[in-house]
Amino acid sequence: HLPMPDSKKIYKIALLPGDGIGPEVIDAGVSCLRALTSLPSSAFTLDFTDLDWSSAQYKKTGEFMPKDGIETLKSFDAIYFGSVGDKDVEDHISLWGLILPIRKEMQQWVNVRPVRILPGTRSPLAGVEEIDWVIVRENSEGEYAGQGGITHPNSSLEVGTEVAIFTRGGIERLMHFAFKTAAARDGRLTLVTKSNAMRYGMVLWDRIAYEVAKEYPDVTMDKMLVDAMTVRMVNAPDSLSTIVATNLHADILSDLAAALAGSIGIAPSSNLNPERRWPSMFEPIHGSAFDLVGKDAANPVGAIWSAAEMLGFLGEEEAKKKVMEAVERVGDKGIKTRDLGGESKCSEVVAAIVEEIQR
Ligand code: GGG
């Protein structure tokens, strides 16, 4: 960040609203962030740069981002991302056009996905009042390594291969991150793999997890197969706290987790480069939700919570707390979008959160 004459810090934030409801929810998050930094007590300010890298851009130019896009992003302190996916563009083209190259090039090798039942939000699980999980997702290799191909295309012999890559280095750094996360919470960690059917990479995951566990005697780890894990999340949510899983498994489990906590619309995620060599990226876990576009119906909470996580990672813990308290007070008042059983529009939820931040 740059020093300012009045000694306020300035963080440079790249805005990548993307597709579908992405621009609406990023607008919502930016309104909350502006409300926060316009408070006289704010110790910092945010310098936003809007980057129109999206499927719309791809349809016009054949590229999601300019040739020097990754270099451009490296000059920011953080990236605030909306969603990717468009009706006219195949999903693998849009995912590999924007979000996956950014995660890879910025070495954002861990994706942290907290899941909580917020005030005013209800779990669809009868009798479940509290869910408080953190999902630690491997974010750079595994099933999303991008290795594979099609042979004998468009023939009856056509073969598609999708190679999952698991490296010792990648697993070790992730496990250390997961154990530290669990240690900073209540010391409970659940390792999720599929090491009965996948006998190489997943067995390596299990083995390295138990090796790393020896360095964290205060953390109790248990191990689940991913299929059984879905049942445990539904039947015994209290038995879980911090969860570590592969790129694909954690992607799927976190959608389930968010739905069990009330709605996928509330869930945030942080794609972190823990070494802070390159900027980290913060995004709601939901996708572009075309059915909601332009209706003022999107739930802005996932994006606003992601903005709060961004502030926390930038070292602005007080500011993060202020945003989350505002989100919780607004939920408490029952001001919520339809996905949470409320009747408020996106803009009404945002206005209420902004007002709480300014109080
Ligand atoms: N805001 C997140 C988003 O656009 N997600 C689309 C998606 O399918 N992402 C897959 C992933 O997070 O790996």
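In the protein chain of this predicted model, 74% of the contacts between residues at least 6 apart in sequence join residues at least 24 apart. The chain contains 11 helices and 13 strands. Its radius of gyration is 20 Å, close to the 21 Å given by the globule rule for 359 residues, so the chain is as compact as a globular protein of that length. The C-alpha trace spans about 55 × 50 × 45 Å along its principal axes, and 48% of the 359 residues count as buried.

Helix α5 comprises residues 168-184. At 1.5 Å a residue, its 17 residues should span 24 Å, and the separation of 24 Å between its end C-alpha atoms agrees with this expectation. The buried residues of α5 are Gly170, Ile171, Leu174, Met175, Ala178, Phe179, Thr181 and Ala182. Viewed down the axis of α5, these buried residues fall within an arc of 160°, so they line one face of the helix. An α-helix has 3.6 residues a turn, so residues three or four places apart point the same way. On the face of α5 turned away from the buried side lie the exposed residues Gly169 and Ala184. The elements against which the buried residues of α5 pack are the strands β5 (110-116), β6 (132-138), β9 (188-193) and β11 (242-245), together with helix α6 (201-213).

Within helix α6 lies Ile208, which is partly exposed, with 19 other C-beta atoms within 10 Å; a residue is classed as buried from 20 such atoms upward. Leaving aside neighbours within four places in sequence, Ile208 is in contact with Arg168, Ile171, Glu172 and Met175. Two of these partners, Ile171 and Met175, are listed among the buried residues of α5. Ile208 and Val354 are 146 residues apart in sequence, and their C-alpha atoms are 45 Å apart in space.

Thr220 belongs to strand β10 (residues 220-225). With 14 C-beta neighbours inside 10 Å, Thr220 counts as partly exposed. Residues up to four places away in sequence not being counted, Thr220 touches Gly187 and Arg188. The C-alpha atoms of Thr220 and Ala182 are separated by 8.8 Å, although the two residues are 38 places apart along the chain; Ala182 is one of the buried residues of α5.

Helix α9 (301-313) has 13 residues, which at 1.5 Å a residue should span 18 Å; the end C-alpha atoms are 18 Å apart, in agreement. This helix is mostly covered, 12 of its 13 residues being buried. The buried residues are Val301, Gly302, Ala303, Ile304, Trp305, Ser306, Ala307, Ala308, Glu309, Met310, Leu311 and Phe313. The elements covering them include the helices α1 (22-37), α10 (317-332) and α11 (346-358) and the strands β4 (78-83), β12 (268-272) and β13. Met310, a residue of α9, is buried, with 29 other C-beta atoms within 10 Å. Apart from residues up to four places away in sequence, Met310 touches Ala78, Tyr80 and Phe282. Between the C-alpha atoms of Met310 and Ser41, which are 269 residues apart along the chain, the separation is 19 Å. Following α9 is Gly315, whose phi is positive, near 100°.

Most residues other than glycine have a negative phi. Ala289, which is not a glycine, nevertheless has a positive phi of about 40°. Ala289 occupies the loop between β13 (280-284) and α9 and is buried, with 22 other C-beta atoms within 10 Å. A positive phi, near 50°, is also found in Gln107, likewise a residue other than glycine. Gln107 lies in the loop between α4 (91-105) and β5. Its surroundings include 17 other C-beta atoms within 10 Å, and Gln107 is partly exposed.

The ligand is surrounded by Ser83, Val84, Gly85, Leu95, Asp251, Glu283, Pro284, Ile285, His286 and Gly287. By residue type, this shell divides into four nonpolar, four polar and two charged residues.

Notes:
Residues are numbered from 1 along each chain as its sequence is written. This is a predicted model: local features need pLDDT of at least 70, side-chain atom pairs count only at pLDDT 80 or more; totals for chains, interfaces and linings use all residues. A residue is near a molecule or strand if its C-beta atom, placed from the backbone, lies within 6 Å of it. Ala, Val, Leu, Ile, Met, Phe, Trp, Tyr, Cys and Pro count as nonpolar, Asp, Glu, Lys and Arg as charged, and the others, Gly among them, as polar. Helices (H or I, at least four residues) and strands (E, at least two) are DSSP runs, numbered from the N terminus. The radius of gyration is taken over C-alpha atoms; the globule rule is 2.2 Å times the number of residues to the power 0.38. Two residues are in contact if their C-beta atoms, placed from the backbone, lie within 7 Å. The expected span of a helix is 1.5 Å times one less than its number of residues. The arc is that of the directions from the helix axis to the C-beta atoms.
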